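Colleague: Got a minute to walk me through this one? I'd like to start with the ligand.

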Amino acid sequence: MIILGIETSCDETSVAIVQDGHRVLAVSTASSEQFHSQTGGIIPDTAARKQLSFMIPVLTATLKQFSPQQSAPEALKKIDALAVTQGPGLIGSLLVGTQTGKTLSLLTNKPIVPVNHLEAHIFGNWLEKEPDCFPPLPGLALIASGGHTEIIWLEKKARRFSFSRLGGTRDDAAGECFDKCARALGLGYPGGPAIAKLAKQSTNIPSGQSSIKLPRPMLNQNNFDFSFSGLKTALINQIARLKSKGLFNQEAKLLLAREVQDAIVQVLVTKTIAAATKYQPQSLLLGGGVTANQALREEFTQLTSQKEVDLFIPQIRFCTDNGTIVAAAAYFNYFPQPWSKITASSSLEIKTK
Ligand code: KG4
Ligand code: ZN
């Protein structure tokens with residue numbers, strides 16, 4: 001089955017065509033990230049306007065990649081179904097994608113599947129894998145993105161995947177913390193890659209004597225929740241302290257970036273592995289933009305190497321928002337709805353177990 005997936009939950013406009021939930025046939029993505037780096041963070045109105053201007057060019061580029069010799073309407077005839085991110089996300093951005101999907105469904109009479117963006121991130125782990133290498137279930141997933149940090153239990157009941165939340169952030173998401181800390185350090189948006197870059201440059205500075213330390217929030221609490229807003233505040237206080245002593249130099253910046261990354265990675269990895277130890281899933285799955293982080297990927301790989309559980313980390317291109325994960329999620333949870341019933345929902349969530 002060939003599914004065309006549309007993703008517009010935040011600042012990426014992405015359309016992909018995926019066969020049988022795992023083989024990527026075409027994908028193109030445009031991002032309004034450069035406009036947000038000028039303002040130090042996403043302005044929802046700007047993101048929505050950019051979604052509108054990117055949507056049709058991205059759709060036609062994907063169809064051209066899929067079927068270079070055919071016009072877009074001809075290429076569309078070869079698609080079996082449509083899928084669209086319903087939420088959660090920025091409402092103005094979501095409306096552009098859902099309305100595009102619904103219009104295509106109306107005009108082509110093809111079935112359309114509404115997709116929860118958080119669930120879609122988990123299906124990045126099925127992409128470009130052969131069926132005998134698909135993750136075994138039940139699974140435990142960490143979704144760490146700009147808007148969410150959640151630990152999710154997933155299993156398959158009859159034909160339907162079911163998802164339940166075991167814990168998550170009580171305030172800022174991990175990606176949001178990266179973004180806000182990057183802003184405090186005077187770096188651009190998105191903050192995660194910017195902090196990762198500085199952290200990497202800091203590797204030749206010995207860690208031993210550094211007085212730059214940041215907290216590991218909720219690390220030792222006996223639950224699967226997170227809190228990252230205090231980490232950002234601690235960083236801001238450290239910057240102020242260093243500035244008052246005239247010590248906020250490039251070396252301090254590198255060390256602070258390293259501490260931010262180390263703190264976020266340590267908390268995410270430790271608590272997710274604690275959840276896996278308690279619930280004993282067959283597979284441990286990562287997803288979301290923050291799981292593109294190299295230090296996080298290496299730490300998970302190292303700490304699960306001696307464990308029974310199989311670790312699945314999506315290719316980096318499937319970690320951040322894109323249409324492939326939407327098409328994959330729709331294939332594995334194939335429940336089309338009449339187009340008229342599909343509504344964008346900014347606060348769609350995964351229910352607590
Ligand atoms: O999943 P995503 O593309 O969008 C949302 O659903 O929110 O995630 C975006 C987030 C941003 O906060 C960005 O800073 C973070 O993912 N991110 C990273 C890295 N690449 C993107 N964080 C840490 N390290 C990275 N390499
Ligand atoms: Zn996302």
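Modeller: Sure. Bear in mind that this is a predicted model. Ligand 1 has 20 residues around it, and Gly-146, Asp-179, Gly-192, Gly-289 and Asn-293 come nearest.

Colleague: Which side chain has an N or O atom 2.7 Å from an oxygen atom of ligand 1?

Modeller: That is Asp-179. Backbone atoms take part too. A polar backbone atom of Gly-175 is 3.1 Å from an oxygen of ligand 1. For Gly-289, a backbone N or O atom lies 2.9 Å from a ligand oxygen.

Colleague: And how much of the ligand's accessible area does the protein cover?

Modeller: The protein covers 89%. On its own, ligand 1 has 550 Å² of accessible area.

Colleague: Which pocket does ligand 1 sit in?

Modeller: The largest pocket. Three helices each give two or more residues to the shell around ligand 1: H5 (117-122), H6 (174-184) and H7 (191-201).

Colleague: What's the make-up of that shell, nonpolar, polar and charged?

Modeller: Six residues are nonpolar, 12 are polar and two are charged.

Colleague: Switching to the metal. Which protein donors does the zinc ion have?

Modeller: The zinc ion is ligand 2, and its protein donors are His-117 through NE2, His-121 through NE2 and Asp-321 through OD. They lie 2.0 to 2.1 Å from the zinc.

Colleague: How are those donor residues spaced in sequence?

Modeller: The pattern is H-x3-H-x199-D. His-117 and Asp-321 are 204 residues apart, so to speak a link between distant parts of the chain. His-117 is in helix H5. Asp-321 sits in the loop between strand E10 (310-312) and helix H11 (323-332).

Colleague: New topic: backbone oddities. Where are the cis peptide bonds you'd point to?

Modeller: One joins Gly-87 and Pro-88, with omega about -5°. Another runs from Leu-137 to Pro-138, with omega near 5°. Most peptide bonds are trans.

Colleague: Which loops hold those two prolines?

Modeller: Pro-88 is in the loop between strand E4 (81-87) and helix H4 (91-108). Pro-138 is in the loop between H5 and strand E6 (139-144).

Colleague: What about phi of Glu-128, positive or negative?

Modeller: Positive, near 60°, and this residue is not a glycine. Glu-128 lies in the loop between H5 and E6. Most residues other than glycine have a negative phi.

Colleague: So what else is in that loop?

Modeller: Pro-138, with its cis bond from Leu-137, is found between H5 and E6 as well.

Note on methods:
Residues are numbered from 1 along each chain as its sequence is written. Chains are lettered from A and ligands numbered from 1 in the order in which they are written. This is a predicted model: local features need pLDDT of at least 70, side-chain atom pairs count only at pLDDT 80 or more; totals for chains, interfaces and linings use all residues. Side-chain values use heavy atoms; hydrogens and water are left out. A residue is near a molecule or strand if one of its heavy atoms lies within 4 Å of it. A polar contact is a pair of N or O atoms within 3.5 Å; within protein, one must be able to donate a hydrogen and the other to accept it, and residues adjacent in sequence count only if both atoms are side-chain atoms. Accessible areas come from the Shrake-Rupley method with a 1.4 Å probe; for residues, only the protein chains shown count as cover. On a 1 Å grid over the protein atoms alone, a cavity is a set of points where a 1.4 Å probe fits but cannot get out, and a pocket is an open set with protein on both sides within 12 Å along at least five of seven lines; lining residues have an atom within 4 Å of a point. A molecule sits in a cavity or pocket if more than half of its atoms lie within 2 Å of its grid points. Helices (H or I, at least four residues) and strands (E, at least two) are DSSP runs, numbered from the N terminus. Ala, Val, Leu, Ile, Met, Phe, Trp, Tyr, Cys and Pro count as nonpolar, Asp, Glu, Lys and Arg as charged, and the others, Gly among them, as polar. Donors are N, O and S atoms within 2.8 Å of the metal (3.2 Å for Na, K and Ca); water is not among the atoms, so sites may look incomplete.
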